[in-house]
Amino acid sequence: MFPWLGYGHITPYLELAKKLTTKDFFIYLCSTEATLSSIRTKIPPNLSNSIELVPLPLEVSPDDLPEKYHTTNGLPPHLMVKLKEAFDNSKQNFSSLLQKHKPNLLIFDFLQPWAPPLAEALNIPSVIFITSSSVMTSFMFHHFSDPGAEFPSENIRFRHYESCFMDELLANARDCEEREKGSAGVNMSREIVLIKGSREIEGRYIEYVSGLTGKRFVPVGPLVQEPDDQKSSSELLSWLDQKEAKSTVYVSFGSEYFLSKEDMDGIAHGLLQSKANFIWVVRFPETEVVLEEKLPEGFLDKVGERGKIVQGWAPQTRILVHPNVGGFVSHCGWNSVMESFKYGVPIVAVPMHLDQPINARLVEEVGAGEEVLRDGDGRLNAETVAAVINRVVVEDGVRAKVDEIKARLALMGDGEIDEVARELMSICSKSLI
Ligand code: UDP
């Protein structure tokens, strides 16, 4: 398995790896050491003989890109281009690892379209596993194949910031395409395409994208991590224990994104004006670490017992399963959305860029939350943030629907994983002939 270099990519790969080990697969999980280190402790001891982590050295000098930045987690934004370049320059290293370990199958991510040709040169077949949502993936293929045609959702078309995020999304897809030619930047060398998600949630988009591409998209489940070990955050969790049931909103914008000063202000004042308690995970690039300078003046004094500010990282799944959490102010990264669905937490959607606005609309479409719409000038208005938090969290506006989604996902279990495992095993066995 060869996921892209970010926490939001490697964790679904690890969850898929764990499921495949129960179907007799041995997994090599390959990434940079900096990315692997974020999941090393998440491999259960009983699987240590079935999953091996394989570090990929990047072709770049430590002066240009120190090793701790060989991952997108916490990468200062201006170094992203360097990371992509270093990654693309490391093809030979990846090929050497394939020759050393000789897997029967390569499962690869859409951001490294150069990997399958290297595998094919060694007679190793490959299958793509997309960690984004089906709604986002189908929207991208729709745009590339026939943007004039009707997309199968009214909800996912008209919003005032549509054009600016579409430009960014398409530039990103084209960037992949240029790195290696392939349809919509995704070189899908097999008929079957694995995608993180479930038919319960995204059935119509899975069918739509399968029809558009002529490939069979198969959802491999929510692939949500089990709640993190709570030892390191016992003070935070004891604080949460003291609150009333469903009274607290969890606020986090993922593993990569850093909020602008204006967005920080909108969120901070919105939280204060709302009627909910809150846990807010605040992240900055490493060079900007003074919390007080980033928050509005006097904010920390006003928070009192109502809120907790966590700098850097929080045990998200552990917090989301807590009975006193009643909502999630989220950027709508696909992992966060699936974690909310699985643990039954209503979403206050504050999408930032790339796939997040589309995921936010899916959240609204399935009735699991409400999006905070920005002002005409793109600002997050504190009154709007507070009003949406109050509707979704305090007044339980979407509770019934969220409980229903949680129950349906629980019933579905691992979904189509048996069929997927059989098909992958059959591809593997052909590689042996
Ligand atoms: N996460 C976490 N603690 C944090 C921030 C993020 O455990 O403080 C985890 C979260 O549970 C999710 C992942 O990091 O599994 C973030 O993935 P997502 O797709 O939501 O966003 P991305 O980081 O890719 O933008």
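In this predicted model, the ligand sits among 19 surrounding residues, and the closest of these are Gly-8, Gly-254, Ser-255, Gly-333 and Ser-336. Three elements give two or more residues each to this shell: helix 1 (7-21), helix 13 (316-320) and helix 14 (334-343). Helix 14 turns out to be the top contributor, with 4 residues. As for chemistry, the shell leans on polar residues, which number 11, alongside 6 nonpolar and 2 charged ones.

Away from the ligand, there is an open sheet to look at. Its 4 strands follow the order 3-4-5-6 and pair in parallel. Strand 3 (106-108) and strand 6 (216-219) form the edges, each pairing on one side only. On average, neighbouring strands here are turned by 30° against each other, direction ignored. At one end of the order, strand 5 (residues 192-195) runs parallel to strand 6 and is joined to it by 4 bridges. Within this pair, Leu-194 stands opposite Val-218 of strand 6.

Zooming out, the chain has 18 helices and 12 strands. Its C-alpha trace spans about 65 × 50 × 40 Å along the principal axes. A compact globule of 433 residues would have a radius of gyration near 22 Å, so the 21 Å found for the chain agrees with that expectation. Of the 433 residues, 42% count as buried. Sequence-distant pairs carry much of the contact map: among contacts with a separation of 6 or more, 72% come from residues 24 or more positions apart.

Key:
Residues are numbered from 1 along each chain as its sequence is written. This is a predicted model: local features need pLDDT of at least 70, side-chain atom pairs count only at pLDDT 80 or more; totals for chains, interfaces and linings use all residues. A residue is near a molecule or strand if its C-beta atom, placed from the backbone, lies within 6 Å of it. Ala, Val, Leu, Ile, Met, Phe, Trp, Tyr, Cys and Pro count as nonpolar, Asp, Glu, Lys and Arg as charged, and the others, Gly among them, as polar. Two strands pair if DSSP finds at least two bridges between them. Axes are lines fitted to C-alpha atoms, for helices over the stretch in contact, and angles run from 0 to 180 degrees between N-to-C directions. The radius of gyration is taken over C-alpha atoms; the globule rule is 2.2 Å times the number of residues to the power 0.38. A residue is buried if 20 or more other C-beta atoms lie within 10 Å of its own, exposed if 12 or fewer, and partly exposed in between; C-beta atoms are placed from the backbone. Two residues are in contact if their C-beta atoms, placed from the backbone, lie within 7 Å.
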